[in-house]
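Subject: Structure handover

Hello,

Here is the structure I said I would pass on. Please have a look at the model itself before reading the notes under it.

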Amino acid sequence: MAALIITFILFSVFILYHINRMTNLLCIQKEIPEERHEKIFRTVNILIVILLSTSYIEILYV
């Protein structure tokens, strides 16, 4: 069980890092104003954390 938790945390950090990197590249490429970056990152991060949480719960109970 501990190995599953550690693996999932490492996977989650990897996913969050890459999603944030891709979001930053999108903001730069589409020339989105700096004022909107914080809102975009917050929205993306909240949605990814929800996705990762539900994935963990699904793995845990299936």
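A residue is called exposed here when its relative accessible area is over 50%, buried when it is under 20%, and partly exposed in between. The model is a predicted one, and every value below is computed from it.

Loop

With that cut-off, E31 counts as exposed, because its relative accessible area is 69%. E31 sits in the loop that joins α1 (2-29) to α2 (34-61). Its backbone is worth a look too: the phi angle of E31 is near 55 degrees, which is a positive value in a residue other than glycine.

Overall form

The secondary structure amounts to 2 helices and 0 strands. The C-alpha trace spans about 45 × 15 × 15 Å along its principal axes. The radius of gyration is 14 Å, whereas a compact globule of 62 residues would come out near 11 Å. Of the 62 residues, 16% count as buried. The protein exposes about 5,100 Å², and 70% of that is supplied by carbon and sulfur atoms.

Contacts between the helices

Two pairs of C-alpha atoms show how residues far along the chain are placed in space. N20 belongs to helix α1. Its C-alpha atom is 7.7 Å from that of N45, although the two residues are 25 apart along the chain. N20 is partly exposed, since its relative accessible area of 23% falls in the middle range.

T23 is also a residue of helix α1. From T23 to V44 the C-alpha distance is 8.0 Å, with their positions 21 residues apart in sequence. T23 is buried, because a relative accessible area of 8% is under the 20% limit.

A third pair gives another distance. L47 is in helix α2, and its C-alpha atom is separated by 26 Å from that of M1, which is 46 residues away along the chain. L47 is exposed, as its relative accessible area is 52% and the limit is 50%.

Nonpolar patch

Which residues make up the nonpolar surface patch? They are M1, L4, I5, I9, V13 and I59, and the patch covers about 550 Å². Helix α1 gives the largest share of the patch, with 4 residues. I59, on the other hand, is placed in helix α2. With a relative accessible area of 43%, I59 is classed as partly exposed.

Charges

How many salt bridges does a search of the whole structure find? The search returns 1. R42 forms this kind of bridge with E38, and the closest N and O atoms are 2.8 Å apart. Both R42 and E38 lie in helix α2, and their spacing of 4 residues is about one turn of the helix.

The two partners fall into separate accessibility classes. E38 is exposed, because its relative accessibility is 56%. R42 is partly exposed, because its relative accessible area is 44% and this lies between the two limits.

Across the protein there are 5 positive and 5 negative charges, and the mean positions of the two sets are 3 Å apart.

Points to check in the viewer

- The positive phi of E31, near 55 degrees.
- The R42 to E38 salt bridge, with its closest N and O atoms 2.8 Å apart.
- The nonpolar patch of about 550 Å², which includes I59.
- The C-alpha pair N20 and N45, at 7.7 Å.

Regards

Key: Residues are numbered from 1 along each chain as its sequence is written. This is a predicted model: local features need pLDDT of at least 70, side-chain atom pairs count only at pLDDT 80 or more; totals for chains, interfaces and linings use all residues. Side-chain values use heavy atoms; hydrogens and water are left out. Buried means under 20% relative accessible area, exposed over 50%, partly exposed in between (1.4 Å probe, protein chains only). Patches are made of residues with over 30% relative accessible area and no salt bridge: like charges are joined within 9 Å, nonpolar side chains (Val, Leu, Ile, Met, Phe, Trp, Tyr) within 5 Å. Accessible areas come from the Shrake-Rupley method with a 1.4 Å probe; for residues, only the protein chains shown count as cover. A salt bridge is a side-chain nitrogen of Lys or Arg within 4 Å of a carboxyl oxygen of Asp or Glu. The radius of gyration is taken over C-alpha atoms; the globule rule is 2.2 Å times the number of residues to the power 0.38. Lys and Arg count as positive and Asp and Glu as negative; His and the chain ends are not counted. The place of a charge is taken as NZ of Lys, CZ of Arg, CG of Asp or CD of Glu.
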